[in-house]
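Subject: Structure handover

Hello,

Here is the structure I said I would pass on. Please open it and keep it beside this message while you read the notes below.

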Amino acid sequence: MSTLKEQLRADLTAAMKSRDELVKATLRLTLTAIGNAEVSGTTARELSDDEVLGVITKESKKRAESAEAFAAAGRTEQAAQERAEAEVLARYLPTQLSDDEVDTLARQAVADVAAESGEQPGPRQMGQVMKKANAAAQGRAEGGRIAAAVKKQLVG
């Protein structure tokens with residue numbers, strides 16, 4: 001079993017003992033999502049820590065999108081609940097890169113692609129640059145932020 005999944009289970013037990021309903025509900029939903037990911041596909045399998053982290057990231061993103069939707073609809077209580085759940089999940093995610101760090105990462109990815117191809121990449125090579133930038137970010141930055149920084153570097 002992955003150590004991150006074990007940590008989630010241990011934290012769920014602690015939340016149950018301390019009667020922390022928010023953490024308990026959030027971790028139960030997350031562990032259910034992890035279980036669903038483990039049994040999806042043709043055969044059941046154990047997820048690695050990176051895959052568990054991917055599920056947690058996905059769940060966190062769902063909470064952020066739901067909070068925005070509730071806030072736009074004027075449902076502030078539900079939006080606050082979703083934000084609180086996202087904060088619980090954020091404890092398990094790696095710290096996010098700052099905008100300056102994302103820009104530096106994008107600049108380095110452009111330089112790497114330029115060194116490989118022998119010419120300065122343009123917008124047509126965005127996929128190649130994004131592949132390098134996403135690999136360097138290792139889940140510490142949202143794809144949209146990385147894409148915006150890469151696009152800024154490629155266009156000028």
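Is E82 buried or exposed? Its relative accessible area is 15%, and buried means under 20%, so E82 counts as buried. Please keep in mind that this is a predicted model. E82 sits in helix α4. Leaving out residues up to four places away in sequence, E82 touches R63, S66, A67 and F70.

A69 is a useful case to set beside it. A69 belongs to helix α3. The relative accessible area of A69 is 47%. Buried requires a value under 20% and exposed a value over 50%, so A69 is classed as partly exposed. You can also find A69 by its distance to A79: the two are 10 residues apart along the chain, and their C-alpha atoms are separated by 7.7 Å.

Next, the nonpolar cores. The largest one has 18 residues. Which residues have the most contacts inside this core? They are L4, L8, L27, I34, V52, I56 and Y92. The elements that each supply two or more residues to this core are α1 (3–17), α2 (21–39), α3 and α4. Helix α2 provides the largest share, 5 residues.

L27 is a good place to look inside this core. Not counting residues up to four places away in sequence, L27 touches L8, D11, L12 and Y92. L8 and Y92 also appear in the list of core residues with the most contacts.

There is also a second, separate core, made of 17 residues. Among them are A109, V110, A133 and A149.

Last, the pockets. How much space lies in the largest pocket? The value is about 410 Å³. The pocket is lined by 14 residues, and those closest to its centre are S60, K61, L93, Q96 and E142. Three elements give two or more residues to the lining: α3 (49–72), α4 (76–90) and α7 (143–155). Of these, α3 gives the most, with 4 residues. Sorted by class, the lining has 6 nonpolar, 5 polar and 3 charged residues.

If you want an order for looking through the model, I suggest this one. Start at E82 in α4, then go to A69 in α3. After that, find L27 and its contact Y92, and finish at the largest pocket, with S60 and K61 among the residues closest to its centre.

Regards

Definitions and conventions: Residues are numbered from 1 along each chain as its sequence is written. This is a predicted model: local features need pLDDT of at least 70, side-chain atom pairs count only at pLDDT 80 or more; totals for chains, interfaces and linings use all residues. Side-chain values use heavy atoms; hydrogens and water are left out. On a 1 Å grid over the protein atoms alone, a cavity is a set of points where a 1.4 Å probe fits but cannot get out, and a pocket is an open set with protein on both sides within 12 Å along at least five of seven lines; lining residues have an atom within 4 Å of a point. Grid points are joined across faces, edges and corners, and a volume is the space filled by probe spheres set on the points. Ala, Val, Leu, Ile, Met, Phe, Trp, Tyr, Cys and Pro count as nonpolar, Asp, Glu, Lys and Arg as charged, and the others, Gly among them, as polar. Buried means under 20% relative accessible area, exposed over 50%, partly exposed in between (1.4 Å probe, protein chains only). Contact means heavy atoms within 4.5 Å. A nonpolar core is a set of buried Ala, Val, Leu, Ile, Met, Phe, Trp, Tyr and Cys residues joined through side-chain atoms within 4.5 Å.
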